[in-house]
Amino acid sequence: MTTNNELRRITVFDTTLRDGEQAPGCSMNLPEKIEVAKRLERLGVDIMEAGFPASSPGDLESVKAIAEIVKGCAVAGLCRCLEKDIDAAREALAPAVSPRLHVFLATSPVHMEFKLKMTPEQVLEQAVASVKYAKKFCADVEFSAEDAFRSDPDFVCKVFGAAITAGALTVNFPDTVGYAMPAEFGERIRYIKEHTPGMEKAKLSVHCHNDLGLAVANSIAAVANGADQVECTINGIGERAGNASLEELVMGLRLRQDYFSADTKVDSTQIYAVSRLVSQVTGVKVQPNKAIVGDNAFAHEAGIHQHGVLAKRETYEIMTPESIGIPKNRMVLGKHSGRHAFEERLKDLGLAVDAETLGTIFASFKELADKKKIVSDRDIEALVMDTTVSVPETWKLDHWAVNTGSALGASGVIRLQHKDGRHEKLVSMGDGPIDSIFKAINQIVGKEPELELYEIGAITGGSSSQGETMVKIAMNGRRWNGRGVSTDVVESSIKAYLSAINAMEWDLGK
Ligand SMILES: [Zn+2]
């Protein structure tokens with residue numbers, strides 16, 4: 001039996017806002033990134049990688065905004081081994097309490113020869129020069145050997161050793177292309193740990209991709225073989241098939257402390273709320289059978305299983321829903337619920353907000369409770385999202401009407417209010433009610449973005465449920481997401497489209 005003192009503390013490096021955000025369809029705007037950053041801080045990650053500042057002015061700006069807000073954990077910025085990248089990252093991280101400069105350079109033959117067009121000697125030299133340069137501005141420097149798994153292990157040890165001598169406090173061993181097998185990866189990590197000169201002065205990190213579905217398995221194998229840090233993302237989002245999923249790593253280590261004698265400082269009861277948030281702001285749904293956070297992760301369908309769980313939960317459940325923050329107490333909120341009960345519910349749902357935001361959300365809750373008898377947890381989550389991650393509105397919905405049927409096409413009329421006070425009204429025809437209204441909005445706004453995604457679903461069951469719409473629009477290679485929630489599905493679609501339009505106007509108007 002292990003006691004708490006014997007547990008090895010594994011460092012959790014979250015890269016949802018960098019590797020996750022750069023994945024197809026996962027882009028987030030600034031208010032969304034800030035809200036995710038706040039929740040990651042509350043979740044208790046040790047480091048959050050906030051972005052890649054040299055990649056665009058927008059990325060630099062968002063890393064800076066996150067560095068200003070987050071105080072409870074380190075904030076990292078990614079840089080290639082170039083002085084201009086390091087300069088951009090240190091500018092972005094200037095306000096951070098605990099900044100980390102994360103420099104990377106590829107060490108595999110295929111990357112060195114074809115991408116970098118550099119010899120191994122040149123790679124070694126540039127890695128050392130960059131760590132030294134970064135170290136001038138920041139005590140906490142991490143060096144990553146991109147595509148480390150497909151690199152010559154002895155070369156990686158040599159580069160890591162030199163990086164540590166130059167001042168790197170963490171050296172990261174990525175399986176950039178998701179090619180490794182768990183036992184093999186564990187052995188490799190042990191080899192690197194034992195053969196890197198000066199390894200005792202730095203932490204060894206891993207960064208695994210999920211191309212063969214093994215990112216978590218490989219990360220866990222690495223921990224068992226001496227890795228000190230794991231890099232991961234919420235819901236496993238990331239380039240291609242994604243990264244190691246934070247929730248799976250954290251719960252795996254926590255549940256099997258008897259096996260690993262290791263743990264993280266993550267507050268697992270915050271997991272569900274942050275998973276929902278990331279899914280909502282990216283518009284990327286979590287698959288129902290996803291471990292830990294999927295809708296079915298705690299569902300028992302077969303009679304024999306249900307019987308077992310009712311008799312004793314442990315028969316078929318290795319963890320409780322509450323341990324990841326799914327509230328047990330199904331307290332019903334309605335129009336008679338007071339502010340205190342509402343605030344308690346927000347806390348139970350992992351959605352605690354400051355007093356001012358609470359006032360705004362409570363007012364919207366009262367409005368919704370007038371329309372609906374029962375306000376569900378998902379409804380509350382939608383209200384919080386509307387308030388915390390919205391951008392300033394250029395256009396507001398005044399009113400709308402649609403006329404549709406099987407014989408004739410649809411027509412829609414919409415009236416919007418611009419932020420300068422003027423009202424604009426327009427009627428348009430289209431293929432169905434949504435098309436007609438969206439066309440009318442485009443004409444008022446004077447822009448024609450492409451509608452890349454339009455998804456509608458009910459947030460809760462029953463005929464008085466709220467319709468939730470997600471849209472993604474694109475123009476000139478840039479993308480914006482919008483969400484809308486309403487008891488009327490046409491209205492939720494209009495709200496979603498307008499919120500994407502407002503995100504676009506705000507972004508383009510900056
Ligand atoms: Zn990656």
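A polar contact is a pair of N or O atoms within 3.5 Å; within protein, one atom must be able to donate a hydrogen and the other to accept it. That term is used in the second legend. The model shown in these views is predicted.

**View 1. A zinc ion is held by D19, H207 and H209.**
Three residues coordinate the zinc ion. D19 uses OD, while H207 and H209 each use NE2. The distances run from 1.9 to 2.2 Å. Along the sequence, the donors follow the spacing D-x187-H-x1-H. D19 sits in helix α1 (residues 16-20) and H207 in strand β8, so this pair ties together parts that lie 188 residues apart in sequence. D19 and H207 are both buried.

**View 2. S205 in strand β8 makes side-chain polar contacts with Q229 and E231.**
Strand β8 covers residues 203-208, and S205 is part of that strand. Is S205 buried or exposed? S205 has a relative accessible area of 0%. Buried means under 20%, so S205 counts as buried. Its side chain makes a polar contact of 3.0 Å with the side chain of Q229. Another polar contact, of 3.3 Å, links the side chains of S205 and E231. Beyond four places away in sequence, S205 touches E142, T170, V171, N172 and F173, as well as Q229 and E231.

**View 3. Helices α8 and α9 pack at an angle of about 40°.**
Helix α8 spans residues 182-195, and helix α9 spans residues 215-224. Their axes are 8 Å apart. The crossing of α8 and α9 is right-handed. Which residues of α8 meet α9? They are P182, F185, G186, I189 and R190. On the α9 side, the partners are A217, N218, A221, A222 and A224. By class, this contact has seven nonpolar, two polar and one charged residues.

**View 4. S62 lies in helix α3 and is in contact with L30 and K33.**
Helix α3 runs over residues 57-69, and S62 is found there. The relative accessibility of S62 is 3%. The cut-off for buried is under 20%, so S62 counts as buried. What does S62 contact, leaving aside neighbours within four places in sequence? The contacts are L30 and K33.

Conventions:
Residues numbered from 1 in each chain as written. Predicted model: local features only at pLDDT ≥ 70, side-chain atom pairs only at ≥ 80, totals over all residues. Heavy atoms only, no water. Axes fitted to C-alpha atoms, helices over the stretch in contact; angles between N-to-C directions. Helix = DSSP H or I, 4+ residues; strand = E, 2+ residues; numbered from the N terminus. Left-handed = near helix turned anticlockwise from the far one by under 90°. Contact = heavy atoms within 4.5 Å. Nonpolar A, V, L, I, M, F, W, Y, C, P; charged D, E, K, R; others polar. Buried < 20%, exposed > 50% of the residue type's maximum accessible area, 1.4 Å probe, protein only. Donors = N, O, S within 2.8 Å, 3.2 Å for Na, K, Ca; no water.
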